[in-house]
Structure formats: structure tokens, C-alpha cells
Amino acid sequence: PRPPAAPPPPPWAEQLRRLNEKMPPPQRRGRQPPPDKQLQQQLQEQAAALCCGLGSELDLHAACPALLLEACRWNERDTFQRLEFEGDAFLQAAVSLELVARYPECDEGELTHLRSCLVKNLHLSRLLTRRFGAALAREFVRDASEAHRRAIESFVAGVDTTSGLSMLEVLTLTREAAAADAAPPPASAPRHDRRGHDYRKPLGDQYEAIVGLVLTALHGDVDRTWAVFRRDFFPPEAEAAEAADAAEAREEVRREVRRQQQQQREQAAKAEVCLQRLFFFPPPP
């Protein structure tokens, strides 16, 4: 007799949930220290506050309790990094589709710049603070380095949590932040460096991990996941300003795209000069 047919594989979302749930924290050899009860209590309180910020329609405690505790604090463990990866990929796709639908008159370069402003660490850090509050945002990144925590404290204190931002305001704040990052800071102040490190990255990673957590808890339902976070990126209270500032916002995008294109041409010209000097005008022995 033929062997029984193998059951069909579960959907990709179910496989993803199972992998995340089964991934244990990294273990060390030897005797393990007892669990820190105070830390567990803090994580439980943060989990409750996180669920409150996401809304009562999501029951994350029942859907994925282990992942919920893992996503309550920024860290570099595998499970958190997987959630961050999922959230990052989802936001790239969801924001791209939303921008195409909202701005049919924009070309590819303008849409790319808009998406870059919306999904970069600067804006995600601001969205995290607005949605969950400054106090919880600080708790999320408690395990970051001391220098980063000091810079994050200053950044979080300056975030306006009273109202949403229109696209023009997002573009303006992004341009001002880029200019501030380009200026030489004090020696003790963290900043972007040539490897792309950013003191706001833990906050951005935390927001992406929360998105990945919700996507996993909803079994990969992208429509329901985007419904949870769409108001963060496109707040309804900013719709009126969005319509009034549409022309100015597009002109801001065009200026920035032209500036980036000019910068790319200048960098290409410098690279060509360096290559010519290297291969055609070698230095004397």
C-alpha cells in the first residue's frame, strides 16, 4: 500500500510565527543565573504599555507572548533582529504602495525621496515617541550605550507629541536634521559617521520590531497590519495641511532630488579624477 500523503506545508506566515516562537535566547554553558525578577516585572509593565499604545483590538498576550516580551526592549539578540528585519521590509513595501496611491503625479525619483524620509530612523524615532510617549520610548532603549541614551533623551524631549506631521513638515525636518548632522558637532556628541551609525537607530529599530511583532501576531495579514500603523505615517489631522501644502511639498521634493543628483555628479567627477591620477599619472618612485 502507498504511504499516506504528507500534509500540505503551512502558509509562510504560520511558518514564520513558528520559527520566531521556537527561537530560544542564546544560551551559555555552565550554570545559569536565576531570572531577574525585577527585569521580568519591568518587561511585563512595558508589554502592557506597548499593547495599550497599539490598541485594544490586538491581543498580543495571547497571540505571541514570548515575542511580545522580546520586542519590549531594544537588544541585539536574534529574535529581536528578526522582528526588526520583518518590520523594515514591510514598511518599505507598505509606504511605497501608499505613496504611489497618494501622489500619482510624482515620478520615481520623487517617490523614492518621499519614502526615504518616511522610513529613515529619524522619522521612525519620532513616530515611536509620538505613539507610545516619551517615558516608554526611553524604556525601550534602556540597554543602549550611555552616550546613545544621553542623545536619545535630548531627542525624545524635543519631539512634539501633540499633533501629526504633514508631508511638508516631514520633508522640512528631514532637511534640517541632515544639515545639523553634516555640521561638525562637539567631540562628545554622537552623530552619523562614515559607516552610517546613528544615535537614533535604536529607536528606529524598536519601531520596526514592533511592526514585525504585529505582522507576526496577525499571521502575515498585511492589510490589518498597515491599518494599525497607517495613522502614524499619514495622520488624519494633517490631511487639511497636506492639501494646502501639496504644491510646496512637491517643490521641496524636486529641489532635494536635484540637489542629490548634483551631489552624485560631483562625486562621480571626483572619482573619475582619482582614477585618472591613479592609472594615468602615477606618482614618481
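These legends walk through four close-up views of a predicted model. Residues are numbered from 1 along each chain as its sequence is written, and side-chain values use heavy atoms, with hydrogens and water left out. Since this is a prediction, local features need pLDDT of at least 70 and side-chain atom pairs count only at pLDDT 80 or more, while totals for chains, interfaces and linings use all residues.

**View 1. The largest cavity has a volume of about 70 Å³.** A cavity here is a set of points, on a 1 Å grid over the protein atoms alone, where a 1.4 Å probe fits but cannot get out; lining residues have an atom within 4 Å of a point. Volume is the space filled by probe spheres set on the points, which are joined across faces, edges and corners. The structure holds two cavities of 30 Å³ or more. Around the largest one you'll find, among others, Arg102, Leu118, Met167, Phe234 and Glu242. Helix H10 (167–182) and helix H13 (239–244) each chip in at least two lining residues. Helices are DSSP runs (H or I, at least four residues), numbered from the N terminus. Eight of the lining residues are nonpolar, one is polar and three are charged. Nonpolar covers Ala, Val, Leu, Ile, Met, Phe, Trp, Tyr, Cys and Pro; charged covers Asp, Glu, Lys and Arg; the others, Gly among them, are polar.

**View 2. The second largest cavity takes up about 40 Å³.** Its lining includes His123, Leu127, Arg130, Asp232 and Phe233. Helix H7 (121–132) and helix H12 (222–233) are the elements giving two or more residues to this lining, and H7 gives the most, with three. By class, the lining has five nonpolar, two polar and two charged residues.

**View 3. Helix H6 runs from 108 to 119.** Its 12 residues reach 16 Å from first C-alpha to last, close to the 16 Å expected at 1.5 Å a residue (that is, 1.5 Å times one less than the number of residues). Buried residues (under 20% relative accessible area, 1.4 Å probe, protein chains only) include Leu111, His113, Leu114 and Cys117. At the N-terminal end, Asp107 acts as a cap, with a side-chain oxygen 3.2 Å from the backbone nitrogen of Gly109.

**View 4. Leu58 sits in the loop between helix H2 (37–54) and helix H3 (60–63).** Loop or not, Leu58 is buried, with a relative accessible area of 9%. Leaving aside residues up to four places away in sequence, Leu58 touches Val214, Leu218 and Val228 (contact means heavy atoms within 4.5 Å). The C-alpha atoms of Leu58 and Ala217 are separated by 8.5 Å, though the two residues are 159 apart along the chain.

Conventions. On a 1 Å grid over the protein atoms alone, a cavity is a set of points where a 1.4 Å probe fits but cannot get out, and a pocket is an open set with protein on both sides within 12 Å along at least five of seven lines; lining residues have an atom within 4 Å of a point. Buried means under 20% relative accessible area, exposed over 50%, partly exposed in between (1.4 Å probe, protein chains only). A polar contact is a pair of N or O atoms within 3.5 Å; within protein, one must be able to donate a hydrogen and the other to accept it, and residues adjacent in sequence count only if both atoms are side-chain atoms.
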